[in-house]
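Let's take a walk through this one together. Have the sequence and the 3D view open, and follow along paragraph by paragraph.

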Amino acid sequence: MKYEHLQIEKKWQDFWINNKTFRTPEIDELDKSKPKYYVLDMLPYPSGDGLHVGHPEGYTATDIISRYKRMRGYNVLHPMGWDAFGLPAEQFALKKKINPKVGVEECVKRFRSQLQALGFSYDWDREVNTTDEEYYKWTQWMFLKLYNSYFDDNVNKAKPIEQLEIPEGLDETGKAKYVDSQRLAFISESPVNWCPELGTVLANEEVPEQIEKGFTVVRRMMKQWKLRITKYAQRLLDDLEELHWPENIKKLQYNWIGRSDGATVRFEIKGSDGKNRSIDVFTTRPDTLFGATYMVFAPEHKIIPEIVSDGQKEAVQKYIDEASRKSDLERAELSKDKTGVFTGAHAINPASGIEIPIFISDYVLMSYGTGAIMSVPGHDERDMEFAVKFGLDIIPVVTPAEYKDVAFKKIRTEEGEIIISGKGLEKMLNGEAKEFNNYCEEIKKGKTSFTGEGYSINSGFLTGLPTAEAKEKMIKWLEEKGIGKRSTNYRLRDWLFSRQRFWGEPFPLVHFEDGRIKALKEEDLPVRLPVVSSYTTSKTGESPLSLIEDWLYTSDKDTGEKVKRETNTMPQWAGSCWYYLRYIDPKNGEIFCDIEKEKYWMPVDLYIGGSEHAVLHLLYARFWHKVLFDLGYLTTREPFNVLFNQGMILGEDGVKMSKSRGNVINPDDMIREYGADSMRMFEMFMGPLEATKPWSTEGIAGLHRFLSRVWRLVIDDRTGEINSKIVDEEPSDEQKKMLHTTIKKMTRDIEDGDMKFNTSIAQMMIFVNEMYKMEKVSKEIVEQFVLLLSPYAPHISEELWQRLGNNESLAYHKWPEYDEALTKAEQITVAFSVNGKVRSKRSVDADLSEKDLEQLAFDDVSVNKHIFGKNIVKIIVVKNKMVNIVVK
RNA sequence: GCCCGAGUGGCGGAAUUGGUAGACGCGCAGGACUUAAAAUCCUGUUGCCUGUAAGGGCAGUAUCGGUUCGAUUCCGAUCUCGGGCACCA
């Protein structure tokens, strides 16, 4: 009987499902003496196109690890589920005029059967779907937790809102307002990325993707729900340290959070009305304060109307109007050419005391820092560009270290040591400081700006100090004078959490007619989506839910008042923020996850997925996890201990797979033709898991050939019986050595965590090639090999295991152990080289002494040829490796 | 512009982290089996030069330079490609 992959794979897939082979027992049934291992895949979005070849890559890797860990005696949790809310399902539904639920159900069915056809060892009893009411009930519950919590800056953690201390002297509305301003989930009028074609706002993170798809994104002010992730910026940064994640992903998150250290500085403003005002700015270079020659405010800054002079009113208003129409993208695209308008107002530089003009310009962002900056054109490229365009003063206040000796001088006087710089020094040096003077001239003329660190010049009490010290001294000075302080800023913004879509989790909130908002109680959950056969978009920017009046209006449970439901829905990220917790306790009706179970299984020991989630999903999930931890629902601070990113699989032409290119490979075809085992093996054999690599259909055929060779090694093709060369005898030394070498290589490859399964497969191929050369092969050896193969190609392994006379599934059979002594070769090839060039090789006994090796090298004919008539300078002998003779 | 990552045969990739470059697979070439083909099995396969042959020589891991007895591996500079961020003060 030939290797019939279709038949064999179906047989074992049915077996595993019917016997619930991979069911992970409930916590009380578990053997707690065994270690636990939680292997997680990033849950897929079940798209209409079905699985693509990229999915099985990561899933095969986690499946290999899961199967290996089971054989190693671990309690393994390896679940799968569906992230099914979101745009694609919704748009499909709108086009087909159906409820998205219908489409999703079909996609899930297809995905599930495709995954089962690959023989993945998921515990299907724990399957979750983010769009199930019983699931999103808890997503809503978590939103309520966020809504009903605040962040206590003193202890740096979230607390229930009841514990919030409310400032005295507020009336009821004032109190309510204050509480609302502290919630982790809050509503705010803010500029959003509005996409007219999709009829929704997008998170900053989602913008590039939609623009790539050809949609337009513009800025628009809207009332939006946000989550206060910025409060967690520092903890998200700090805890990154302890995670075993790829360095590049850590770096990506690090940059995304974007911590900047510096100071806030208060500037007094001389408004045209003569009133006293002041404004804070943030700077990372307080040491350059003496060089601040003008200020720039973001066009959206609230103070502008107060300070603008009558003469400039019109021009300023015009500029503000124009800026408000531009999207962030347009603002960035037009960045090459700086624009701006003088407000007519001035501020006082607190260090130099000089009066400086205030401008507005859209290169200053309202959403970062205080929305206003001090401009130091000499030492910031953007400020320089602006200063040149508007003819503003430029003062060099930092010199590169190379001019240190001529930029300032310490002079002893009767009063002690003083430092001089600037004009006086120039004269004193009498032309000696030519290069330094050139540098200053270049800056003053606006030809260049120096943004690096160096030494302060022209800076009063800072002059002569290196940048780091100057920063410190300035901060101290500001704090003493009470006009500034040390401060930190993050690039991370609060998470825009609402979408004007139908297909998402409804917010558990209602609005009263007077504008009050009320959060529902836990027992009111879930707030179900309306059951409609189809629906349309509103075109106004509101969610389609706003048109479904039966659903929209309801009455308040307590007062019976007529209320309107919140019509926004949550973004797709919401459901995937906590799914890994639901797997642990998927049927629990009391709580999203029992804390005892969480304590046992968390954190995730291995998490594999694509790097496209490096900053979004992985940051959001960490944030939610920390909130739940703070509120006492979890025992772990971080969810994912080890993370690994699989690389992308490109088309056979080496380019990203896409329908338009026609280079998409359908996994179904591959499984039919070559089998799931071949598919799994090939995807692991292509190269290291993290590498981006092109698909090769000839390659998968090669792996099918290998599995056929394995099959024929054990089974006689014609009779279907065990091959006559498999004998029930003690294995030969040669066979033992091959087997133990293979066990060693494969065990190490898995244990080291590098996910380089390609070399393990190569080792299996070497093993099989060797066995083919032998006339007889011990059955014991073959059985051990089948166990080694089983995590990679489980179907053929189970089949061969059974045919070799084993009644039980090998899924929980002990992983083979290796004997180090048996992996050692008796004969080793050593190289003899002269001056580093290999001249000869020779097989010698292993562990031969260095002296003997040296002697053998000198006996060698080729070596002699190359050292003849030369002086021997040095001899290097490396045991079991080589001898190098250095001659002159 | 800034931050990551990577450059090794015709192709995917190995190389115990400073010690025999090219494991394993694909492709290709040759042979065996076959009436023939497929399948299968075996052999060869970095390039150039040289030899009838066994063999021998030279070059070679993006480029240039350095450290070293010895460098794909370490250091410096450059180039190319991929990914991320992008007026964040």
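Before we look at any side chains, one term: a residue is called buried when its relative accessible area is under 20%, exposed when it is over 50%, and partly exposed in between. Keep in mind, too, that this is a predicted model.

With that cut-off in hand, start with the aromatics. Tyr579 and Tyr580 are both buried. How do their rings sit relative to each other? Aromatic pairs in general are described by how far apart the centres are and by the angle between the planes. The ring centres of Tyr579 and Tyr580 are 6.1 Å apart with the planes at 80°, so this pair is edge-to-face. For another example, go to Tyr600 and Trp601: the centres there are 4.9 Å apart and the planes are at 85°, so that pair is edge-to-face as well. Tyr600 and Trp601 are buried too. The full count is 56 aromatic pairs. Some of the rings gather into a cluster whose members are Phe143, Tyr147, Phe151, Trp225, Tyr232, Trp495, Phe497, Phe507, Trp573, Tyr620, Phe623 and Trp624; try selecting them together in your viewer.

Rings also have lysines for company. The charged end of Lys69 sits over the ring of Tyr37, at 4.5 Å from the ring centre. Lys725 does likewise with Tyr772, its charged end being 5.6 Å from the centre of that ring.

Now for the charged pairs. The structure holds 56 salt bridges, and three of them make a nice tour. Begin with Lys10 and Asp14, whose side chains meet with an N to O distance of 2.7 Å. Both residues lie in helix H1 (residues 5-18), four residues apart, which is about one turn of the helix. Lys10 counts as partly exposed at 49% relative accessibility, and Asp14 is partly exposed at 33%.

The second salt bridge, between Asp125 and Lys20, spans 2.9 Å from N to O. Asp125 is in the loop between helix H4 (100-116) and strand S4 (128-129), while Lys20 is in the loop between H1 and strand S1 (36-41), so the pair ties together parts that are 105 residues apart in sequence. Asp125 is partly exposed at 29% relative accessibility, as is Lys20 with a relative accessible area of 44%.

The third takes us to Arg622 and Glu638, with their closest N and O atoms 2.8 Å apart. Arg622 belongs to helix H22 (residues 617-630) and Glu638 to the loop between H22 and strand S27 (643-646), so this pair ties together parts 16 residues apart in sequence. Buried or exposed? Arg622 is buried, with a relative accessible area of 0%, and Glu638 is buried at 5%. The pair also belongs to a network of salt bridges with shared partners, joining Asp239, Glu242, Arg622, Lys626, Arg637 and Glu638.

Next, turn to RNA strand B. It is surrounded by 51 residues, and the closest are Ser260, Lys338, Arg382, Arg493 and Thr829. Of the RNA atoms that come within 4 Å of the protein, sugar and phosphate account for 65%. By class, the surrounding surface has 21 nonpolar, 14 polar and 16 charged residues. Which element gives the largest share of this surface? That is H27, with seven residues. Other elements that supply at least two residues each include helix H9 (247-257), strand S11 (276-283) and helix H25 (697-714).

A few individual contacts are worth zooming in on. A polar backbone atom of Leu365 is 2.9 Å from a base nitrogen of the RNA. Lys837 has a side-chain N or O atom 3.3 Å from a phosphate oxygen, and a polar side-chain atom of Lys874 is likewise 3.3 Å from a phosphate oxygen.

Finally, the backbone. Most peptide bonds are trans, and most residues other than glycine have a negative phi. Against that background, a cis peptide bond joins Leu525 and Pro526, with Pro526 in the loop between strand S23 (517-519) and helix H18 (549-552). The bond from Met602 to Pro603 is cis too. Met755 is not a glycine, yet it has a positive phi of about 60°; this residue is buried, with a relative accessible area of 5%. Asn880 also has a positive phi of about 60°, and its place is in the loop between S34 and S35.

Note on methods. Residues are numbered from 1 along each chain as its sequence is written. Chains are lettered from A and ligands numbered from 1 in the order in which they are written. This is a predicted model: local features need pLDDT of at least 70, side-chain atom pairs count only at pLDDT 80 or more; totals for chains, interfaces and linings use all residues. Side-chain values use heavy atoms; hydrogens and water are left out. A residue is near a molecule or strand if one of its heavy atoms lies within 4 Å of it. A polar contact is a pair of N or O atoms within 3.5 Å; within protein, one must be able to donate a hydrogen and the other to accept it, and residues adjacent in sequence count only if both atoms are side-chain atoms. Ala, Val, Leu, Ile, Met, Phe, Trp, Tyr, Cys and Pro count as nonpolar, Asp, Glu, Lys and Arg as charged, and the others, Gly among them, as polar. Rings of Phe, Tyr and Trp (its six-membered ring) pair if their centres lie within 6.5 Å; planes under 30 degrees apart count as stacked, over 60 as edge-to-face and the rest as tilted. Buried means under 20% relative accessible area, exposed over 50%, partly exposed in between (1.4 Å probe, protein chains only). A charge sits over a ring if NZ of Lys or CZ of Arg is within 6 Å of the ring centre and within 35 degrees of the ring normal. A salt bridge is a side-chain nitrogen of Lys or Arg within 4 Å of a carboxyl oxygen of Asp or Glu.
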